[in-house]
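Ready for a few warm-up exercises in reading a protein fold? Keep the picture open, try each task yourself, and then follow the worked solution.

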Amino acid sequence: HEMEDGEIDITFHVRQVQCGELEETYGTGATVWPASMVLLKYMENIATNRQLNNCGDCKGFFEGKTVADLGSGTGLTSVAAALFGASLIICS
């Protein structure tokens with residue numbers, strides 16, 4: 001959502017049911033790893049920080065860009081890139 005002052009307001013929540021690798025789980029690809037959460041916060045910061053974007057009324061760093069998300073597991077960072085305005089996302 002774009003707010004009246006031009007800021008971007010995007011919210012989504014992640015819920016993960018913890019299961020161990022040895023307890024009939026779906027494997028490592030179905031796990032949201034702590035590093036993914038750190039990357040999401042970093043992406044949020046660069047997508048919404050006007051000083052980093054070096055523009056007064058831009059929609060965000062990812063707007064219209066191509067993003068390659070390699071080894072993406074659950075694809076959570078790909079979803080975030082789409083929400084932040086990336087025009088093409090390659091997810092593997």
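**Exercise 1.** Find out what the buried residues of helix α3 pack against in this predicted model.

*Solution.* Start by listing the buried residues of α3: they are Leu76, Thr77, Ser78, Ala80 and Ala81. Next, look at their surroundings. These buried residues pack against α1 (residues 34-48), β1 and β2. Finally, check where the helix leads: Gly85 follows α3 and has a positive phi, near 105°.

**Exercise 2.** Decide whether Ser78 is buried or exposed, and list what it touches.

*Solution.* First, place the residue: Ser78 belongs to helix α3. Its relative accessible area is 8%. Buried means under 20%, so Ser78 is buried. Now for its contacts. Leaving out residues up to four places away in sequence, Ser78 touches Asp69, Ser72, Ile89 and Cys91. Two of these names are worth following up: Asp69 stands opposite Cys91 in β2.

**Exercise 3.** Work out which side chains of strand β1 are buried, and how β1 is joined to strand β2.

*Solution.* Walk along β1, residues 66-69, and watch the side chains alternate. Val67 and Asp69 point to one face and are buried. Thr66 and Ala68 point to the other face and are not buried. Then turn to the partner strand. β2 covers residues 88-91, and the two strands pair in the parallel sense over four bridges. At one of the bridges, Thr66 has Leu88 in β2 as its partner. To get from β1 to β2, the chain passes through helix α3, residues 76-83. This β-α-β crossover is right-handed.

**Exercise 4.** Locate the salt bridge of the structure and say how exposed its two residues are.

*Solution.* The structure holds one salt bridge. Recall the principle before you search: side chains of opposite charge can pair when their charged atoms come close. Here the partners are Glu44 and Lys41, with their closest N and O atoms 2.8 Å apart. Both residues lie in helix α1, three residues apart, which is about one turn of the helix. Why does that spacing suit a pair? An α-helix has 3.6 residues a turn, so residues three or four places apart point the same way. Last, compare the accessibilities with the cut-offs: exposed means over 50%, and partly exposed lies between 20% and that value. Lys41 has a relative accessible area of 55%, so Lys41 is exposed. Glu44, at 30%, therefore counts as partly exposed.

Notes. Residues numbered from 1 in each chain as written. Predicted model: local features only at pLDDT ≥ 70, side-chain atom pairs only at ≥ 80, totals over all residues. Heavy atoms only, no water. Buried < 20%, exposed > 50% of the residue type's maximum accessible area, 1.4 Å probe, protein only. Pairing = 2+ DSSP bridges. Right-handed = clockwise from strand over helix to strand, strands pointing away. Contact = heavy atoms within 4.5 Å. Salt bridge = Lys/Arg side-chain N within 4 Å of Asp/Glu carboxyl O.
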